[in-house]
Amino acid sequence: MNIKPLADRVLVKPVAAEEKTALGIIIPDTAKEKPLKGEVLAIGNGTKDEEMVVKVGDTVLYGKYAGTELELDGEKYLIMRQSDILAIIG
């Protein structure tokens, strides 16, 4: 993959949604919630007004409707502004 986000944008690979509940019940695709957590794969250089705080490899939380979905080589990714990221999981 060769995607380089521009400015304050971040490329995130969403964590897969849960397949089963704690009781072992399988959840169908239509009932799965969109994941709100993912791994940062690439970042832009930032802007003169906004320094990049996240870095490649960080696990982040983001808003439910954050970013733009894209698919490349059968994998789903999100590209979003750094300001759409709510937190870095430590």
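1. Surface. In this predicted model, the accessible surface of the chain is about 6300 Å². Carbon and sulfur atoms account for 53% of that area.

2. Burial. The chain has 90 residues, and 24% of them count as buried. That fraction belongs beside the surface figure of about 6300 Å² when the model is described.

3. Secondary structure. The chain holds 6 strands and 0 helices. Followed along the sequence, the order is β-β-β-β-β-β.

4. Contacts. Taking contacts between residues at least 6 apart in sequence, 62% connect residues at least 24 apart.

5. Nonpolar patch. Leu61, Leu86 and Ile89 make a nonpolar patch of about 270 Å² on the surface. Strand S6 covers residues 85-89 and contains Leu86. Is Leu86 buried or exposed? With a relative accessible area of 65%, Leu86 is exposed, because the term applies to residues over 50%. A value of 65% also meets the patch criterion, which asks for over 30% relative accessible area.

6. Aromatic rings. How many aromatic pairs does a search of the whole structure find? The search returns 0. There is therefore no pair here to be described in the usual terms, which are the distance of the centres and the angle of the planes.

7. Charge over a ring. Tyr77 does have a charged neighbour: Lys13 lies over the face of its ring, at 5.6 Å from the ring centre. This distance falls within the 6 Å limit used for such an arrangement.

Definitions and conventions
Residues are numbered from 1 along each chain as its sequence is written. This is a predicted model: local features need pLDDT of at least 70, side-chain atom pairs count only at pLDDT 80 or more; totals for chains, interfaces and linings use all residues. Side-chain values use heavy atoms; hydrogens and water are left out. Patches are made of residues with over 30% relative accessible area and no salt bridge: like charges are joined within 9 Å, nonpolar side chains (Val, Leu, Ile, Met, Phe, Trp, Tyr) within 5 Å. Accessible areas come from the Shrake-Rupley method with a 1.4 Å probe; for residues, only the protein chains shown count as cover. A salt bridge is a side-chain nitrogen of Lys or Arg within 4 Å of a carboxyl oxygen of Asp or Glu. Helices (H or I, at least four residues) and strands (E, at least two) are DSSP runs, numbered from the N terminus. Buried means under 20% relative accessible area, exposed over 50%, partly exposed in between (1.4 Å probe, protein chains only). Contact means heavy atoms within 4.5 Å. Rings of Phe, Tyr and Trp (its six-membered ring) pair if their centres lie within 6.5 Å; planes under 30 degrees apart count as stacked, over 60 as edge-to-face and the rest as tilted. A charge sits over a ring if NZ of Lys or CZ of Arg is within 6 Å of the ring centre and within 35 degrees of the ring normal.
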